[in-house]
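Dear colleague,

I am passing on the structure we spoke about, with the sequence alongside it. Please have it open while you read the notes underneath.

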Amino acid sequence: MSASAVYVLDLKGKCRLHHVRLNASSDCSVQVLVCRNYRGDVDMSEIEHFMTLLMDKEEEGTLSPILAHGGVRFMWIKHNNLY
């Protein structure tokens, strides 16, 4: 398996994932720190679907390290509010 693009996201502020979705806290935001499109076969805006997909799966209780949106697969880890 090869990666088409790599992103490093920062979940800023003292919040939980559901606060990002509901915009309940103005101290909470997601910022792209690093992005690199290696193969050019994935639109760079696909990352906009990641947090929504992550929060939906978390709410359903079906969260896994591989998430799918259309033909795109997100493989993720979290460390110190970085994804």
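What follows is an account of the core, the aromatic contacts, the largest pocket and a few separate details.

Please keep in mind throughout that this is a predicted model.

I begin with the interior. The largest nonpolar core has 15 residues, and those with the most contacts inside it are Phe50, Leu54, Leu67, Phe74 and Tyr83. At least two residues of this core come from each of β1, α2 and β4, and the largest share, five residues, is supplied by α2. That helix spans residues 50-60, and its buried residues are Phe50, Met51, Leu53, Leu54 and Met55. As general background, nonpolar side chains in soluble globular proteins tend to be buried together. Just after α2, Gly61 adopts a positive phi of about 80°, which you may wish to look at when you follow the backbone out of the helix.

The aromatic residues deserve a separate paragraph. The count of aromatic pairs comes to four. In one of these, Phe50 and Phe74 form a tilted pair, with 5.5 Å from centre to centre and 55° between the planes. This pair links distant parts of the chain, since Phe50 belongs to helix α2 and Phe74 to strand β4, 24 residues apart. Both Phe50 and Phe74 are buried. Phe50 also pairs with Tyr83: the ring centres are 6.2 Å apart and the planes stand at 70°, so this pair counts as edge-to-face, the cut-off for that class being over 60 degrees. Here too distant parts of the chain are linked, with Phe50 in helix α2 and Tyr83 in the segment after β4, 33 residues apart. Phe50 has a relative accessible area of 4% and is therefore buried, the limit being under 20%. Taken together, Phe50, Phe74, Trp76 and Tyr83 form one aromatic cluster.

Where does Tyr83 sit in the chain? Tyr83 is found in the segment after β4, and, because its relative accessibility is 11%, it counts as buried. Tyr83 and Asp10 are 73 residues apart in sequence, whereas their C-alpha atoms are 6.5 Å apart in space.

Turning to the pocket, the largest one holds about 540 Å³ of space. Its lining comprises 24 residues, of which Ala5, Val6, Arg73, Phe74 and Met75 are the closest to the centre. Both β1 (5-12) and β4 (72-75) supply at least two residues each to this lining. By character, the lining residues divide into 16 nonpolar, three polar and five charged. Phe74 is thus worth inspecting in both contexts, as it is listed among the residues closest to the centre of the pocket and also among those with the most contacts inside the largest nonpolar core.

Finally, the charged contacts: how many salt bridges are counted in the model? The count comes to one salt bridge, in which the side chains of Asp41 and Arg39 meet at 3.4 Å, N to O. Asp41 has a relative accessibility of 46% and so counts as partly exposed.

With best wishes

Methods
Residues are numbered from 1 along each chain as its sequence is written. Side-chain values use heavy atoms; hydrogens and water are left out. On a 1 Å grid over the protein atoms alone, a cavity is a set of points where a 1.4 Å probe fits but cannot get out, and a pocket is an open set with protein on both sides within 12 Å along at least five of seven lines; lining residues have an atom within 4 Å of a point. Grid points are joined across faces, edges and corners, and a volume is the space filled by probe spheres set on the points. Helices (H or I, at least four residues) and strands (E, at least two) are DSSP runs, numbered from the N terminus. Ala, Val, Leu, Ile, Met, Phe, Trp, Tyr, Cys and Pro count as nonpolar, Asp, Glu, Lys and Arg as charged, and the others, Gly among them, as polar. Buried means under 20% relative accessible area, exposed over 50%, partly exposed in between (1.4 Å probe, protein chains only). Rings of Phe, Tyr and Trp (its six-membered ring) pair if their centres lie within 6.5 Å; planes under 30 degrees apart count as stacked, over 60 as edge-to-face and the rest as tilted. A salt bridge is a side-chain nitrogen of Lys or Arg within 4 Å of a carboxyl oxygen of Asp or Glu. A nonpolar core is a set of buried Ala, Val, Leu, Ile, Met, Phe, Trp, Tyr and Cys residues joined through side-chain atoms within 4.5 Å.
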